Structure formats: structure tokens, C-alpha cells
Amino acid sequence: QFPHDVDDEYTPKAGMTFPTLEEAAAFYKWYVKRAGFSTKIRNTNRCKETKEVKNQLITCNREGKWVSEIPYVEKTNPTCGANCPARIYVHAVKKTRLWCISKVVLHHSHPCCPYQAQMLPQHASSLHY
């Protein structure tokens, strides 16, 4: 487990609410950059009738177990899944029309590097906050 040095008020917690899914995702992206890792949207569920998003699972980019099919010696930037458990689960609350973080896992199965986060493709376009 690898902890992060991000202020507690900027760390995602279960029960936090946001007016929109986009604002929840932006808050997590801000945290992710300072913690030194990148993410991917693992799953999105939609309402069958309206097609509106009901919930979303955002995980560490190194979630899962996989190895590239390209041989290690040929790949310029080798990566592999590290079975990382870090994630947040965000869902829509029908009564309030707010988005709530209901599950949070902050620890990683690999080291993260906040000082080099701007080098990650996800953060390259957002160098200036």
C-alpha cells in the first residue's frame, strides 16, 4: 500500500456530493494528478429508458492483471496491470439529483509519483491549474 501526501480536504471520501457527474470527475482528476497516478473509466451504467448515466466506476489506470502482447524489448514504454485496487464509485441520488461518491479506495499496489504526474498522458494537457 502506497499512501499519498494530499491535503485531507482535497481527498475523496464516501458521502461527498457534487451537482454533476462532471464536477465529481473533475474533483477526482484534481486529486489524481496531485497523488501521481492516472485513471480510466472502468464502467458506466445508464438508465434503459432515458439513457442517462446512473453511476460510474473510475479506477487507477493500473487496475487489473494483464501484460502487453508486444515483447518487452520492442516496447518503448512498457506497462502492465498491477492489480491496483484504487477507485471511486459515483452514483446519482434520485431524490436530490446530486452525484454522490459511495465507495473510495485510495491505496495502490504500486508506487505513485506526484512530482512526475504531468508526464502522464492524462495530465499532459492540464499542466497549468
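Let's start with one residue: Ala92, which is found in strand 4. Keep in mind that this is a predicted model. We will work outwards from Ala92, then come back to the pocket beside this residue.

Is Ala92 buried, exposed or something in between? With a relative accessible area of 31%, Ala92 is partly exposed, because that category covers whatever falls between under 20% for buried and over 50% for exposed.

What does Ala92 touch, once neighbours within four places in sequence are left aside? The contacts are Lys54, Leu98 and Trp99. Now look at Val53. In sequence, Ala92 and Val53 are 39 residues apart. In space, their C-alpha atoms are 7.9 Å apart.

Step back to the whole protein. It has 129 residues, and 30% of them count as buried. There are two helices and five strands. Reading from the N terminus, the order is β-α-β-β-β-β-α. Take the contacts with a separation of 6 or more: 53% of them join residues 24 or more positions apart. The accessible surface comes to about 8,800 Å². Carbon and sulfur atoms hold 53% of that surface.

Next, the strands. Strand 4 pairs with strand 5 in the antiparallel sense, over seven bridges. For one of those partners, find Tyr89: its bridge partner in strand 5 is Lys103. The two strands form a hairpin, with four residues between them.

Strand 5 has another partner. Strand 1, residues 17-18, pairs with strand 5, also in the antiparallel sense, over two bridges. There, Phe18 has Trp99 as its bridge partner in strand 5. You have met Trp99 already, as a contact of Ala92.

Now two loops. Which residue in the turn of the hairpin has a positive phi? That is Arg97, at about 60°. Arg97 is not a glycine. It sits in the loop between strand 4 and strand 5. Arg97 counts as exposed, because its relative accessibility is 72% and the cut-off is over 50%.

The other loop joins strand 2, residues 39-46, to strand 3, and Lys51 lies in it. Lys51 also is not a glycine, and its phi is positive, about 65°. At 53% relative accessibility, Lys51 counts as exposed too.

Back to the pocket. A word on the idea: rolling a probe the size of a water molecule over the atoms shows where empty space is left. Here we look at the second largest pocket, with a volume of about 360 Å³. Which elements give two or more residues to its lining? They are strand 3 (53-60), strand 4 (87-93) and strand 5 (98-105).

Go through the lining on your screen. Cys47, Thr50, Glu52, Val53 and Lys54 are part of it. So are Ala92, Val93 and Lys94. Arg97, Leu98 and Trp99 complete the list.

How does that lining divide into nonpolar, polar and charged residues? Six are nonpolar, one is polar and four are charged.

Now join the threads. Ala92 lines this pocket, and so do Lys54, Leu98 and Trp99, the residues Ala92 contacts beyond its sequence neighbours. Val53 is in the lining as well. Arg97, from the turn of the hairpin, is there too.

To finish, begin at Ala92 in strand 4, follow the hairpin through its turn into strand 5, and stop at Trp99, which faces you again as the bridge partner of Phe18.

Note on methods. Residues are numbered from 1 along each chain as its sequence is written. This is a predicted model: local features need pLDDT of at least 70, side-chain atom pairs count only at pLDDT 80 or more; totals for chains, interfaces and linings use all residues. Side-chain values use heavy atoms; hydrogens and water are left out. On a 1 Å grid over the protein atoms alone, a cavity is a set of points where a 1.4 Å probe fits but cannot get out, and a pocket is an open set with protein on both sides within 12 Å along at least five of seven lines; lining residues have an atom within 4 Å of a point. Grid points are joined across faces, edges and corners, and a volume is the space filled by probe spheres set on the points. Ala, Val, Leu, Ile, Met, Phe, Trp, Tyr, Cys and Pro count as nonpolar, Asp, Glu, Lys and Arg as charged, and the others, Gly among them, as polar. Buried means under 20% relative accessible area, exposed over 50%, partly exposed in between (1.4 Å probe, protein chains only). Contact means heavy atoms within 4.5 Å. Accessible areas come from the Shrake-Rupley method with a 1.4 Å probe; for residues, only the protein chains shown count as cover. Two strands pair if DSSP finds at least two bridges between them.
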